[in-house]
Amino acid sequence: MQQVTYAKLAGRTLGMLLKAAVLLVFVFPFLWMISTSLQTFEETLSFPPTWIPARAQWVNFAEAMQAGPFLVYARNSIVVTVSIIALQLVVMIPAAYAFAKYKFAGKSLLFGTVLLAFMIPGQVTFIPVYLMLADWGLIQTLLPQIIPFMSNAFGIFLLRQYFMQIPQEIIEAARLDNAGEFNIIRSIMIPMSMPALATITLFSFVSHWNDYFWPLVMTDSAPVRPLTMGIAMLRETEGISNWHIIMAGNVVLVVPILIVYLFASKHIVKAFVYSGIK
């Protein structure tokens, strides 16, 4: 009996150590980034590395923001990200509702096409998309960063799974009360699916706030570039060794993601638990 207790204790200890190791792998880059952003130039070059700066250099953030038109970059990132999320919700919610609660010809084929979108990365289609948007004369605007992402295949799939778990009897009762489809979506489907919507919104926010490849292809001037490209250009303007300035810029880029995650983290867990996706 005592051996069994020791075995359980050893198993729990090993499990905790493995979890701590995994946590360290994910957390270490963020801690290193924050530490470097508060160091002096000399401390970033010291060996062994400096973990805790002798004095926090908050001026690094001001220098990073003054290295380029970062207010313009930040404005572009906000406009692009918010526009994409808003348009995706407008397209995604009715599409998921139709796939979940309607029967129509070609439903399986259309839903299979949505799933197929999971397997086609943007790097495969960016050339024809770029040529099309260039022909429309939109390259010097923010629209090339918004239009290709008006639909979200993952969001349609996840929201459909969530809508399918809402009892059909509730919808039929609303229809008996003369509620239209728009009112059913607004009053029943959306409130009961807030965890899924919060999860999709967070994933979309992180994806497009951090996007670098697509703006790199679709922009060629500072007035339409997002914050990710501005941070990347710090390495060119500040020099490869000024890591304290570069990391300060990266902290500015990451903070909005952390704030959004703090508000949406509980909904993420609920969405994946109740949608049956593990």
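Which residues does Asp211 touch, not counting residues up to four places away in sequence? In this predicted model, the answer is Phe149 and Thr228. Asp211 sits in the loop that joins H10 to helix H11 (213–218). Although Asp211 is buried, it takes part in no salt bridge. The nearest side chain of opposite charge belongs to Arg225, which is 13 Å away. With a salt bridge requiring nitrogen and oxygen within 4 Å, that side chain is therefore not a partner for Asp211.

A second buried charge turns up in helix H7 (residues 153–164), where Arg160 is found. Arg160, too, is buried and has no salt bridge. For Arg160 the nearest side chain of opposite charge is that of Glu181, at 15 Å. What surrounds Arg160 can be read from its contacts: leaving aside residues up to four places away in sequence, it touches Ala96, Phe99, Ala100 and Phe111. By the grouping in which Ala and Phe count as nonpolar, these four contacts of Arg160 are therefore nonpolar residues.

Lys101 offers another view of a charged residue away from the surface. This lysine belongs to helix H4, and its relative accessible area is 14%. Because buried means under 20%, Lys101 counts as buried. Its contacts, again without residues up to four places away in sequence, are Phe163, Met164, Ile166, Pro167, Gln168, Ile171 and Met189. One of these, Ile166, lies 65 residues from Lys101 in sequence, yet the two C-alpha atoms are 9.6 Å apart in space.

Helix H4 also has a helical partner. Two packed helices are described by the angle between their axes and the distance between the axes. For H4 (residues 70–101) and H10 (residues 194–209), the angle is about 145° and the axes are 10 Å apart. The crossing of H4 past H10 is right-handed. On the H4 side, the contact is made by Ser77, Ile78, Thr81, Ile84, Ile85, Gln88, Leu89, Met92 and Ile93. On the H10 side, it is made by Leu197, Ile200, Thr201, Ser204, Phe205, His208 and Trp209. Sorted by type, the residues of this contact comprise 10 nonpolar and 6 polar, with no charged residue.

Where, then, are the salt bridges? The whole structure contains 2 of them. In one, the side chains of Glu172 and Arg175 meet, with an N to O distance of 3.2 Å. Both residues lie in helix H8 (residues 168–176), 3 residues apart, or about one turn of the helix. In the other, Arg175 pairs with Glu181, and the closest N and O atoms are 3.0 Å apart. Glu172, Arg175 and Glu181 are thus linked in a network of salt bridges. How accessible are the members of this network? Glu172 is partly exposed, at 35% relative accessible area. Arg175, at 26%, is partly exposed as well, and so is Glu181, at 28%. Glu181 is also the residue named above as the nearest opposite charge to Arg160.

Between H8 and helix H9 (181–192) runs a loop that holds Asn178. Most residues other than glycine have a negative phi, and most peptide bonds are trans. Asn178 has a phi near 65°, a positive value in a residue other than glycine. Asn178 has a relative accessibility of 72%, and because exposed means over 50%, this asparagine counts as exposed.

Two further positions add to the picture. Gly68 is placed in the loop between helix H3 (59–65) and H4, and with a relative accessible area of 24% it is partly exposed. From Gly68 to Pro121 there are 53 residues along the chain, and their C-alpha atoms are separated by 31 Å. Leu131, for its part, lies in helix H6 (residues 122–135). Its relative accessible area of 48% makes it partly exposed. Leu131 and Ile120 are 11 residues apart in sequence, with 18 Å between their C-alpha atoms.

Note on methods:
Residues are numbered from 1 along each chain as its sequence is written. This is a predicted model: local features need pLDDT of at least 70, side-chain atom pairs count only at pLDDT 80 or more; totals for chains, interfaces and linings use all residues. Side-chain values use heavy atoms; hydrogens and water are left out. Axes are lines fitted to C-alpha atoms, for helices over the stretch in contact, and angles run from 0 to 180 degrees between N-to-C directions. Helices (H or I, at least four residues) and strands (E, at least two) are DSSP runs, numbered from the N terminus. A crossing is left-handed if the near helix is turned anticlockwise from the far one by less than a right angle, and right-handed if clockwise. Contact means heavy atoms within 4.5 Å. Buried means under 20% relative accessible area, exposed over 50%, partly exposed in between (1.4 Å probe, protein chains only). Lys and Arg count as positive and Asp and Glu as negative; His and the chain ends are not counted.
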